[in-house]
Amino acid sequence: MTAELAEAVRRAVGAVTDPELRRPLADLDMLRDITVAQATAHVGIVLTIVGCPAATRIEADVRAAAAAVPGIDAVEVTVGVMTPDERRALTERLRDGRAPRQMPFGPDSLTRVIAVTSGKGGVGKSSLTANLAVALAARGRRVGLIDADVHGFSIPGLLGIAPGTQPTRIDDLMLPPVAHDVKAVSIGMFLRDGESVVAWRGPMLHRTVQQFLTDVFFGDLDVLFIDMPPGTGDIAITLGQLLPHAEVLVVTTPQEAASDVAIRSGLVARQTGQRVIGVVENMSAMTLPDGTALDLFGSGGGQAVADALSQGGDPVPLLASVPLSPRLRTGGDAGVPVVLADPEDPAARAILAVAEAIDRTGRGLSGRRLPVSLR
Ligand SMILES: Nc1ncnc2c1ncn2[C@@H]1O[C@H](COP(=O)(O)OP(=O)(O)OP(=O)(O)O)[C@@H](O)[C@H]1O
Ligand SMILES: [Mg+2]
């Protein structure tokens with residue numbers, strides 16, 4: 001009877017997922033002795049490293065899972081740490097046969113890589129990327145996000161990741177923090193105290209970005225978003241070389257000045273072999289409560305960029321016009337993207353339509369006009 005109870009507890013506890021590795025504890029070989037005596041479950045688990053940031057959560061989840069087994073009145077959890085050998089076995093299993101230091105997002109990978117670029121700064125790339133990422137995650141996709149803007153990384157804040165949060169290291173494997181179901185890393189997380197990348201030159205940036213792509217363990221992803229820095233500089237070229245099969249979303253404001261550089265950023269991406277899958281116009285006219293339209297940045301920029309990028313190549317659709325939205329900004333400031341905080345907001349609806357279009361197309365549909373209805 002107690003043996004059966006212990007088995008039931010083992011099953012329940014084994015199904016608890018590690019919040020960082022996102023797999024059940026049983027698969028991660030983290031369960032140790034599990035016994036039951038007088039309706040009290042004694043559960044032994046081991047974690048990857050001492051002071052594992054997820055430890056409190058795992059322990060609480062284990063306790064709750066064991067306590068929920070009928071016949072268990074009390075739970076005692078003993079938390080230990082894996083031996084180096086056990087850890088090595090785990091990292092090997094996680095890599096799934098892939099050699100260390102191998103770039104997992106090559107042309108053979110099943111992960112779609114979507115780089116969000118704009119040319120001009122401040123047009124809302126990071127806000128859109130963060131919103132698209134959480135929107136796709138909410139649709140059940142496994143989503144990663146790389147903040148490649150070394151000078152002005154903003155993704156952690158937009159996703160509500162606390163300042164100073166670092167990837168968890170298990171030996172040479174780095175696990176990205178997870179926010180709103182998106183695994184997100186920023187170059188800012190890799191700087192040592194006081195270090196700044198502002199003065200870095202091309203080769204140094206190239207090495208860092210490359211390392212970023214190889215050493216961060218995202219696991220299997222459906223989509224990896226890359227929030228590009230403004231401009232068509234070193235990082236854009238490096239990423240173009242490392243990820244020539246990436247798809248590119250071009251963001252622009254309705255303003256003519258923004259569209260010229262946006263076109264250029266799309267053309268640079270295309271030169272490295274990447275495909276421009278669409279244009280998103282951001283900060284377009286918002287409708288005021290009295291029904292009048294406030295178009296701070298004019299209109300037509302998005303369509304102009306789409307038309308220009310469609311010349312001499314596959315047609316590039318204008319996927320959406322995202323209106324100016326106070327809720328989009330406050331959502332970003334609060335670390336809860338507007339698509340989650342207020343999905344009925346007009347900007348949120350426009351972004352959700354883009355997410356849906358991206359999700360519907362899948363890989364290998366370059367140039368196909370994405371059937372998005374604009375609201
Ligand atoms: N549709 C919108 N309505 C209102 N505010 C917006 C909208 N889109 C972006 N913003 C605001 O504009 C500012 C710039 O946005 P964001 O940081 O996303 O742009 P970016 O293109 O990533 O900038 P950078 O070039 O600095 O990386 C932010 O404060 C953001 O909240
Ligand atoms: Mg940005």
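I'll start at the ligand: a polar backbone atom of glycine 124 sits 2.9 Å from an oxygen atom of ligand 1. This is a predicted model, so please hear every distance as a computed one.

Glycine 122 does something similar, with a backbone N or O atom 2.8 Å from an oxygen atom of ligand 1. Proline 323 also comes in through its backbone, where an N or O atom lies 3.1 Å from a nitrogen atom of the ligand. On its own, ligand 1 would expose 630 Å², and the protein buries 76% of that.

Now the shell. Ligand 1 is surrounded by 16 residues, and among the closest are Gly122, Ser126 and Asn282. By class, 6 of the shell residues are nonpolar, 7 polar and 3 charged. Three elements each supply at least two of the shell residues: helix 4, residues 125–138; strand 12, residues 275–284; and helix 10, residues 326–334. Helix 4 gives the largest share, 3 residues.

Next, helix 3. It covers residues 84–95, 12 residues in total, and spans 16 Å from first C-alpha to last, close to the 16 Å expected at 1.5 Å a residue. Which of its residues are buried? They are Arg87, Leu90, Thr91, Leu94 and Arg95. Viewed down the axis of helix 3, the buried residues fall within an arc of 130 degrees, so they line one face. The general background is that an α-helix has 3.6 residues a turn, so residues three or four places apart point the same way. Asp85 and Glu92, on the other side of helix 3, are exposed.

That's what I have.

Conventions:
Residues are numbered from 1 along each chain as its sequence is written. Chains are lettered from A and ligands numbered from 1 in the order in which they are written. This is a predicted model: local features need pLDDT of at least 70, side-chain atom pairs count only at pLDDT 80 or more; totals for chains, interfaces and linings use all residues. Side-chain values use heavy atoms; hydrogens and water are left out. A residue is near a molecule or strand if one of its heavy atoms lies within 4 Å of it. A polar contact is a pair of N or O atoms within 3.5 Å; within protein, one must be able to donate a hydrogen and the other to accept it, and residues adjacent in sequence count only if both atoms are side-chain atoms. Accessible areas come from the Shrake-Rupley method with a 1.4 Å probe; for residues, only the protein chains shown count as cover. Helices (H or I, at least four residues) and strands (E, at least two) are DSSP runs, numbered from the N terminus. Ala, Val, Leu, Ile, Met, Phe, Trp, Tyr, Cys and Pro count as nonpolar, Asp, Glu, Lys and Arg as charged, and the others, Gly among them, as polar. The expected span of a helix is 1.5 Å times one less than its number of residues. Buried means under 20% relative accessible area, exposed over 50%, partly exposed in between (1.4 Å probe, protein chains only). The arc is that of the directions from the helix axis to the C-beta atoms.
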